[in-house]
Amino acid sequence: MRVLVAGAAGSLGRVVTVGLADLGHEIVGLDLVPGPEGSPFAWHEADCADADAVAAVFADERIDAVVHLAGAPEELSLPDELTSHVVTTAALLDAMVAHDVTRIVYASSNHAVGRTPRTDGELTEQALPRPDTYYGVAKVAAEALLHLFADRHGIDAVVCRIGSFLEEPTSLRGLSTWLSHPDGVRMVEAGLTAPAPGFAILHGISANTRAWWDLEPGRRLGYEPQDDAEVFADRIEPGPDDAAEAEFVGGPFATAQFHRPAIG
Ligand code: 15L
């Protein structure tokens, strides 16, 4: 499959491009910055929020599927978040429709439902939108846009509500929310190859012993995580914010430090 990876130079993108290429896919990288030194991939330096620039990439390349990993990973103002996550998704979806590309895997986030209290029990993919930040609001809106294009244009859109994508977990929360690098690749591969998923949501975490987000929606799509954060448990020191971070899905994003005006 010839896969356009938007955000190919980001932390997820650097891992996923190499992993998908190892699985036999041809990669076309798209990012604001040049491709890594010596990268074997076709590469386009462009802003995903610029619909004309995205259209030009699709006009230049044969694309079978899109993996959308682009966007700021942290809390910004609401307008910046909407540009970073919703406008980029819209530009990619418009180009997909124009070029009959029908599969997209989207790096959404747990922060779309980050204000869901742990006391609600196991987190399922049916959880109502409950963002913890403007970042989370933008992820909810991007997911809604994907759902609209799935219904209106028959796009297969696999939404990955990712936990903590790191080489190894760094906090007590991470023992539940960690997504290992190899499992990140497995997750995207499942999103690309699941037969006719329509609009579907999975939880992007590893098979963590302490996980409390349902892994079954991912398994139904062919995502079988292999790693477990528990092997790092002995290295995790208790932190002063552990109790607060355990209260909500979104951990630190759900705490007061992120309360600020939406504009500005
Ligand atoms: C995310 O979606 C963020 O991009 C990242 O910065 C972390 O906060 C991560 O989720 C997480 O919840 O650990």
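Contact here means heavy atoms within 4.5 Å. With that in hand, here are some notes on this predicted model, written as points to follow on screen.

1. **Ala 6.** A good place to begin is Ala 6, which sits in strand β1. Setting aside residues up to four places away in sequence, Ala 6 touches Leu 30, Cys 48, Val 67, His 68, Leu 69, Ala 70 and Leu 92. Its relative accessibility is 0%, so Ala 6 counts as buried. If you want a distance to check, the C-alpha atoms of Ala 6 and Ala 42 are separated by 12 Å, and these two residues are 36 apart along the chain.

2. **The sheet.** In what order do the strands of the open sheet run? The order is β3-β2-β1-β4-β5-β6-β9, which makes 7 strands, and the pairing is parallel. β3 (42–45) and β9 (199–204) stand at the edges with a single partner strand each, so one side of each has no neighbour in the sheet. From one strand to the next, the twist averages 20 degrees.

3. **β1 with β2.** These two strands pair in the parallel sense over 5 bridges. One pair to look at is Arg 2, whose bridge partner in β2 is Glu 26. As for cover, 5 of the 6 residues of β2 are buried, so the strand is mostly covered.

4. **β4 with β5.** Strand β4 (residues 65–68) is joined to strand β5 (residues 103–109) by 3 bridges, and the two run parallel. Here Val 66 has Ile 104 of β5 as its bridge partner.

5. **β5 with β6.** Moving along the sheet, 7 bridges join β5 to β6, again in parallel. Val 105 stands opposite Val 158 in β6. Strand β6 (residues 156–162) is mostly covered, with 7 of its 7 residues buried. That cover applies to both faces: Asp 156, Val 158, Cys 160 and Ile 162 are buried on one side, and Ala 157, Val 159 and Arg 161 are buried on the other.

6. **Arg 103.** Is this arginine of strand β5 buried or exposed? At 11% relative accessibility, Arg 103 counts as buried, because the cut-off for that label is under 20%. Its side chain has polar partners in the backbone: a polar atom of the Arg 103 side chain lies 2.7 Å from the backbone oxygen of Ala 194, and one lies 3.2 Å from the backbone oxygen of Leu 192. Leaving aside neighbours within four places in sequence, Arg 103 is also in contact with other residues, among them Ala 65, Val 66, Met 96, Asp 156 and Pro 197.

7. **Helix α3 and Leu 93.** Helix α3 (residues 78–98) lies across β1 (2–6), β2 (26–31), β4 and β5, and runs at about 175 degrees to β4. Leu 93 belongs to this helix and is buried, with a relative accessible area of 0%. Beyond its neighbours within four places in sequence, Leu 93 is in contact with Ile 104, Leu 145, Leu 146, Phe 149 and Ile 155. Leu 93 and His 153 are 60 residues apart in sequence, yet their C-alpha atoms are 9.7 Å apart in space.

8. **The ligand.** Which residues surround the ligand? They are Pro 73, Ser 109, Asn 110, His 111, Tyr 135, Gly 163, Ser 164, Arg 173 and Phe 253. An N or O atom in the side chain of Ser 109 is 2.7 Å from an oxygen atom of the ligand. On the backbone side, an N or O atom of Pro 73 lies 2.8 Å from a ligand oxygen, and an N or O atom of Gly 163 lies 3.4 Å from a ligand oxygen. The ligand exposes 320 Å² when taken alone, and the protein buries 74% of that.

9. **Two backbone angles to look at.** Most residues other than glycine have a negative phi. Asp 100 has a positive phi, near 55 degrees; this residue is in the loop between α3 and β5 and counts as exposed at 70% relative accessibility. Ala 196 also has a positive phi, near 40 degrees. Its place is the loop between α6 (181–193) and β9, and Ala 196 is exposed, with a relative accessible area of 66%.

Methods. Residues are numbered from 1 along each chain as its sequence is written. This is a predicted model: local features need pLDDT of at least 70, side-chain atom pairs count only at pLDDT 80 or more; totals for chains, interfaces and linings use all residues. Side-chain values use heavy atoms; hydrogens and water are left out. Two strands pair if DSSP finds at least two bridges between them. Helices (H or I, at least four residues) and strands (E, at least two) are DSSP runs, numbered from the N terminus. Axes are lines fitted to C-alpha atoms, for helices over the stretch in contact, and angles run from 0 to 180 degrees between N-to-C directions. A residue is near a molecule or strand if one of its heavy atoms lies within 4 Å of it. A polar contact is a pair of N or O atoms within 3.5 Å; within protein, one must be able to donate a hydrogen and the other to accept it, and residues adjacent in sequence count only if both atoms are side-chain atoms. Accessible areas come from the Shrake-Rupley method with a 1.4 Å probe; for residues, only the protein chains shown count as cover. Buried means under 20% relative accessible area, exposed over 50%, partly exposed in between (1.4 Å probe, protein chains only).
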